[in-house]
Structure formats: structure tokens, C-alpha cells
Amino acid sequence: RYLGPVARRMGTIDVAPTADCYGKDIPIKTQLASTCSKHGWTVEYAHVPEQRGWLGTVTYGLNSKIQAFSPGAKKKATTNAAEELMQSLQPLLAKVAATPSVTFEQFMTETFKGQIVPSSPQNWKKFWSFSPTVVGIDCEGTNRTTGYPHLVQVASPNMIILEVPQSDVKISSELAHCLAEHTLLKAICDPCGVDREHLQQQGGNSGGFPVSGEGIVDVEPFLNRLYFGDAPATPRGLRLAAQLVLGRKLTKSAEVHSFTTAPRPQQLSDIAPSSQLYAAADAWLTLLIFNKLQEQQGPLS
């Protein structure tokens, strides 16, 4: 690709993708930015001084981009480039729209053939018997401001453990050991650091979950770096990450338990089986996305 010696990165604009975004009074650059944000893509405009114009680039996947150049001053040239980019994106948008969607739970049933079990000393012993080298970790209910998560999920290829932290002992010693184990690579999807902060607080004297370190990989910045060269972007979340990396369009079923509004569970049986499956899918997806990104990049340096 050619971006010229001087490039000014514009990034994406976080605009809610409503029908009004495509009205005639909405600037085309805003329409394009909204479309890209909706799908987890990025749009950039770079000055090409020797050609006296601007180059617009939409990146929509690994080594996948559409470009449009327009001569002239910045405002007019970038507007023209955005119009051409929007037109060029129509076949891709139609393909995405035609892709069938599945719920997180359906995807989980389709792709995970191991066991989903409650946290217990016996199940953790079995978990370690498979000698996992990398796990996906997720939490539910961490956006609450009062205390520990509702649920912690740890996913390996053979087993997913679900633990409901308790107010008296917080997380179990077995989970604390897993979180602190420096030889176990832990994949998370936590660009704001909320899950890490909560888990670190719950680790107590067992060491907890380190905020950063060689044993932790956040798939959000990993994805952004590999696919988009660290272009500015709002957090995508697992749904868009799965669409970008795994090519799967996922939706949340209406029956799923709301971990942010429902009473805090005291035990795993307080959470409906469908919600347990949904929560397990979050950790499993995190692991799958990490494994695919690592495969695409090669061994982590």
C-alpha cells in the first residue's frame, strides 16, 4: 500500500449505527465511519503530498483493505474518497448481511466438545490433568461497583470451569492458583482492565491476577495490532472480534440471564443453564480468538 511520507491518522468515529446515519443530511464521512465502527473496521485518511491529494483506506480484516484516492484539498478530497469507499464496500456489506447468525449458546454447542463443570477441588484436579498451556478467562457482572464478580469462567480445550465467588472467601484457592500460575498463558478480552482489576482484588494472599505480565494476553489489542496496525478504535468486544477473526456472526439470545441487573448468585444453580452456557461461551470464544490470532501471527515474541 502507499500512504505517502506524511500520514495523518483519522481513526474511527464512535457513532451509533442508526437508520438516520444514512440520511441525505448526514456527511458521507460520518456515514462511512459509522459503518466501519458497526463492523469493527477502521477508516483512515492519509495525505499524499506528491500527488496533491488524500488517500482513504478502510481495513476490514487481516491484510484486507479497500482504498480510494482523491486529489485536492483535505475537506473535499477526503469527502470524495469516502464516497468512493462507501460505494466499494457495498458488496462486502451485502455479504456480511447475508451471513447467517447463531447465538453464543448455539456456537458453544457446535464447537466445544468438552465438559462445563462447577468449580470444586475435584474438578480443578481434573482440569490440571489435561496439562493446559493456555486458557480463556472471562467474568460476568464486573461492571458493578460493589465487590466481586458474579461469575468467573476459565476455558481450556477440554474443560470449562465456572465459579461463583463468595463474599466470605471471595474466589477459591484453586482459582487463585490458576490466575497466578505464571506458566499458564491466560487470554482475556478486557481492554478497559475491569475484569483484571476485580480478579486481582479477589486474589488475596494467593497472589491474584496480575494486571500485566508475560502470562496475560488481551485479545482486543492483539487483534487491533495484527489487523489494523494499532489504528485508533473503540473496543470491539467478543461479538465483533469473533466476526473479524473467526468469520462467525453471533447474537445473544433473549433468554440469557442479565448479570448486571439480576440478584447476585450465591451458587451456580442460581444461574439458569442457558446463562451458564452463554457465560462459558465468552471464555471459550476468547480462547478460540486468541488461538486463531496466534496462528495468524506466528509464535508470540
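# Chatting through a six-stranded sheet and a pocket

Reader: Ok, what kind of model am I looking at here?
Author: A predicted one, so treat what follows as a description of that prediction.

Reader: Let's start with the sheet. In what order do the strands come?
Author: The order is β5-β8-β7-β6-β9-β10. That makes six strands in an open sheet, with mixed pairing.

Reader: And which are the edge strands?
Author: β5, residues 115–118, and β10, residues 216–218. Each of them pairs on one side only.

Reader: How many degrees does the twist average?
Author: From one strand to the next, the average is 25 degrees.

Reader: You said mixed. Do β6 and β9 run parallel or antiparallel?
Author: Parallel: β6 (residues 134–140) and β9 (residues 185–188) are joined by three bridges. As an example of who faces whom, Val134 stands opposite Leu185 in β9.

Reader: What about β6 and β7, parallel or antiparallel?
Author: Those two are antiparallel, and five bridges hold the pairing. Within it, Cys139 has Val152 of β7 opposite.

Reader: Then on to β7 and β8. How many bridges there?
Author: Four, and that pair runs antiparallel too. One of the partnerships is Ala155 with Ile160 in β8. The connection from β7 to β8 is a hairpin through three residues.

Reader: Is β7 mostly covered or open?
Author: Mostly covered, with five of its five residues buried.

Reader: Which residues sit on which side?
Author: Leu151, Gln153 and Ala155 are on one side, Val152 and Val154 on the other, and both faces are covered. That fits the usual pattern, because side chains in a regular strand alternate between the two faces of the sheet.

Reader: What packs on the sheet, then? Which strands does α4 lie across?
Author: Helix α4, residues 121–129, lies across β5, β6, β7 and β8, and it runs at about 150 degrees to β8. There's also helix α5, residues 173–180, which packs on the sheet and touches β6, β7, β8 and β9. The direction of α5 makes about 55 degrees with that of β7.

Reader: Back to Cys139 for a sec. I'm thinking about labelling. Buried or exposed?
Author: Buried: Cys139 sits in strand β6, and its relative accessible area is 6%. It counts as buried because that 6% falls under the 20% cut-off.

Reader: How far is Cys139 from His150?
Author: They're 7.4 Å apart in space, C-alpha to C-alpha, and eleven residues apart in sequence.

Reader: And Ser120, where is that found?
Author: In the loop between β5 and α4. Ser120 has a relative accessible area of 18%, so it is classed as buried, the limit being under 20%. Its C-alpha is 9.4 Å from that of Leu162, although the two are 42 residues apart in sequence.

Reader: Switching topic: pockets. What's the volume of the second largest one?
Author: About 330 Å³. It is lined by 15 residues, and the closest to its centre are Tyr60, Leu92, Val96, Gln243 and Gly247.

Reader: Which element gives the most to that lining?
Author: α2, with three residues. β2 (53–61), α2 (74–98) and α8 (237–245) each supply at least two.

Reader: And how do the lining residues divide into nonpolar, polar and charged?
Author: Six are nonpolar, six are polar and three are charged.

Definitions and conventions:
Residues are numbered from 1 along each chain as its sequence is written. This is a predicted model: local features need pLDDT of at least 70, side-chain atom pairs count only at pLDDT 80 or more; totals for chains, interfaces and linings use all residues. Side-chain values use heavy atoms; hydrogens and water are left out. Two strands pair if DSSP finds at least two bridges between them. Axes are lines fitted to C-alpha atoms, for helices over the stretch in contact, and angles run from 0 to 180 degrees between N-to-C directions. Contact means heavy atoms within 4.5 Å. On a 1 Å grid over the protein atoms alone, a cavity is a set of points where a 1.4 Å probe fits but cannot get out, and a pocket is an open set with protein on both sides within 12 Å along at least five of seven lines; lining residues have an atom within 4 Å of a point. Grid points are joined across faces, edges and corners, and a volume is the space filled by probe spheres set on the points. Ala, Val, Leu, Ile, Met, Phe, Trp, Tyr, Cys and Pro count as nonpolar, Asp, Glu, Lys and Arg as charged, and the others, Gly among them, as polar. Buried means under 20% relative accessible area, exposed over 50%, partly exposed in between (1.4 Å probe, protein chains only).
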